[in-house]
Amino acid sequence: MSTRIGYVCTESWVGTAFWRVLVLSQTPKRYRVRTLSKASLPRRGWVAVGTEVMVPKDAVTFEKPPVKCGAYS
């Protein structure tokens, strides 16, 4: 799989936020992504730019989100 830009979607009581990420690889159920901006991820809190994490495939979209990316920044 080649790397490509995607968006991780997080939902909370505040609303929905989309965070830009670089998708590096995949497993059957998850993507390994590198954050391109400071992001708030479930069970991890705020993660710094360049942090590599595994996220569920359901949370990643490759289409431009309908709202501003990184709503909390």
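# Burial, core and contacts in a seven-strand chain

Analyst: Of the 73 residues in this chain, 32% are buried (under 20% relative accessible area; exposed is over 50%, partly exposed in between; 1.4 Å probe, protein chains only). The model is predicted: local features need pLDDT of at least 70, side-chain atom pairs count only at pLDDT 80 or more, and totals for chains, interfaces and linings use all residues. Residues are numbered from 1 along each chain as its sequence is written, and side-chain values use heavy atoms, without hydrogens and water.

User: How many helices and strands are there in the chain?

Analyst: The chain has 0 helices and 7 strands, where helices are DSSP runs of H or I with at least four residues and strands are runs of E with at least two, numbered from the N terminus. The pattern along the sequence is β-β-β-β-β-β-β.

User: Why is threonine 35 called buried?

Analyst: Its relative accessibility is 2%, and the limit is under 20%, so threonine 35 counts as buried. Threonine 35 is placed in strand 3. Beyond its neighbours within four places in sequence, threonine 35 has contacts (heavy atoms within 4.5 Å) with Arg20, Val21, Val47, Ala48, Val49, Gly50 and Thr51.

User: What lies 2.7 Å from a polar atom of the side chain of threonine 35?

Analyst: That is the backbone oxygen of alanine 48. A polar contact is a pair of N or O atoms within 3.5 Å; within protein, one must be able to donate a hydrogen and the other to accept it, and residues adjacent in sequence count only if both atoms are side-chain atoms.

User: Why is threonine 10 classed as it is, buried or exposed?

Analyst: Threonine 10 has a relative accessible area of 10% and is therefore buried. Threonine 10 sits in strand 1, residues 4–12. The side chains of threonine 10 and tryptophan 19 form a polar contact of 3.2 Å. Outside the four-place sequence window, threonine 10 also touches residues including Gly15, Ser40, Leu41 and Pro42.

User: Which residues of the largest nonpolar core touch the most other members?

Analyst: In this core of 14 residues, they are Val8, Val23, Tyr31, Val33, Val55 and Val60. Strand 2 (15–26), strand 3 (30–35), strand 4 (39–41) and strand 6 (52–56) each supply at least two core residues; strand 2 gives the largest share, 4 residues. Such a core is a set of buried Ala, Val, Leu, Ile, Met, Phe, Trp, Tyr and Cys residues joined through side-chain atoms within 4.5 Å.

User: What does valine 55 touch?

Analyst: Apart from residues up to four places away in sequence, valine 55 touches Val8, Lys29, Arg30, Tyr31, Val33 and Val60.
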